[in-house]
Structure formats: C-alpha cells, structure tokens
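Colleague: I am new to this structure and would like a close look at a single part of it, the place where the helices meet. Please take me through that part slowly, with the terms explained as they come up.

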Amino acid sequence: MNKSIKTVLLIVGLILTIYGIYTMIQPETQVSIGDLDLVEAQDNTGSYITIVIGVIALAAGLISGKK
C-alpha cells in the first residue's frame, strides 16, 4: 500500500478514535425549566460505532505497513 494512504489511515483512525471516546465521556446538555430539570439518558451508540471505525482504520494502516 502506498505510504501516503497508510499515513492518512493512521491519522483518520486516530482522530475518529479520540472523537468517539470524547463523545462517549462528554455529558449531554441538560435542559432545565424553572425548578424542573429535564435530563435525558445518554445514548452512546454513535460513539461506539465511531470508535470501532477508528480502530479498524488504525489496524488497516498498521497492517498495511507490515507487507
């Protein structure tokens, strides 16, 4: 695989993994009306998918360098 493609895969994989972890940890915004706090449960499905795609891109970039 071309060296530039390997570099792009590594950078994109790293960015996606960090972004996925950030969105999983970051609390969602809370809406409060007067004394009433409306809090929704945090849905991390998108975060997990982003982390998995990032790890796959990292693995593809690392494996491509072994050949």
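Modeller: What follows begins with the whole chain and then turns to the pair of helices and some of their residues.

This is a predicted model, in which local features need pLDDT of at least 70 and side-chain atom pairs count only at pLDDT 80 or more, while totals for chains, interfaces and linings use all residues. Residues are numbered from 1 along each chain as its sequence is written, and side-chain values use heavy atoms, with hydrogens and water left out.

The protein has 2 helices and 2 strands, where helices (H or I, at least four residues) and strands (E, at least two) are DSSP runs, numbered from the N terminus. Along the sequence these elements follow the pattern α-β-β-α. Of the 67 residues, 18% count as buried, a term that stands for under 20% relative accessible area, with exposed meaning over 50% and partly exposed lying in between (1.4 Å probe, protein chains only). Among contacts between residues at least 6 apart in sequence, 65% join residues at least 24 apart, contact meaning heavy atoms within 4.5 Å.

Now to the helices themselves. Helix H1 covers residues 3-25 and helix H2 covers residues 45-64, and their axes come within 7 Å and cross at roughly 155°; such axes are lines fitted to C-alpha atoms, for helices over the stretch in contact, with angles that run from 0 to 180 degrees between N-to-C directions. That angle makes H1 roughly antiparallel to H2, since angles over 145 degrees count as roughly antiparallel, under 35 as roughly parallel, 65 to 115 as roughly perpendicular and the rest as oblique. The residues of the contact of H1 with H2 divide into 15 nonpolar, 9 polar and 1 charged, where Ala, Val, Leu, Ile, Met, Phe, Trp, Tyr, Cys and Pro count as nonpolar, Asp, Glu, Lys and Arg as charged, and the others, Gly among them, as polar.

Some residues show how this pairing looks in detail. Leu16 lies in helix H1 and, at 26% relative accessibility, counts as partly exposed. Leaving aside neighbours within four places in sequence, Leu16 is in contact with Thr50, Ile53 and Gly54, and the C-alpha atoms of Leu16 and Ile49, 33 residues apart in sequence, are 9.7 Å apart in space.

Thr23 is also found in helix H1, and it touches Gln42, Asn44 and Ser47 when residues up to four places away in sequence are not counted. From C-alpha to C-alpha, Thr23 and Thr50 are 9.4 Å apart, with their positions 27 residues apart in sequence. Ser47 itself belongs to helix H2 and counts as buried, at 6% relative accessibility; beyond residues up to four places away in sequence, Ser47 touches Gly20, Thr23 and Met24.

Lys3, another residue of helix H1, counts as exposed at 67% relative accessibility. Lys3 and Ser64 are 61 residues apart in sequence, and their C-alpha atoms are 9.0 Å apart in space.
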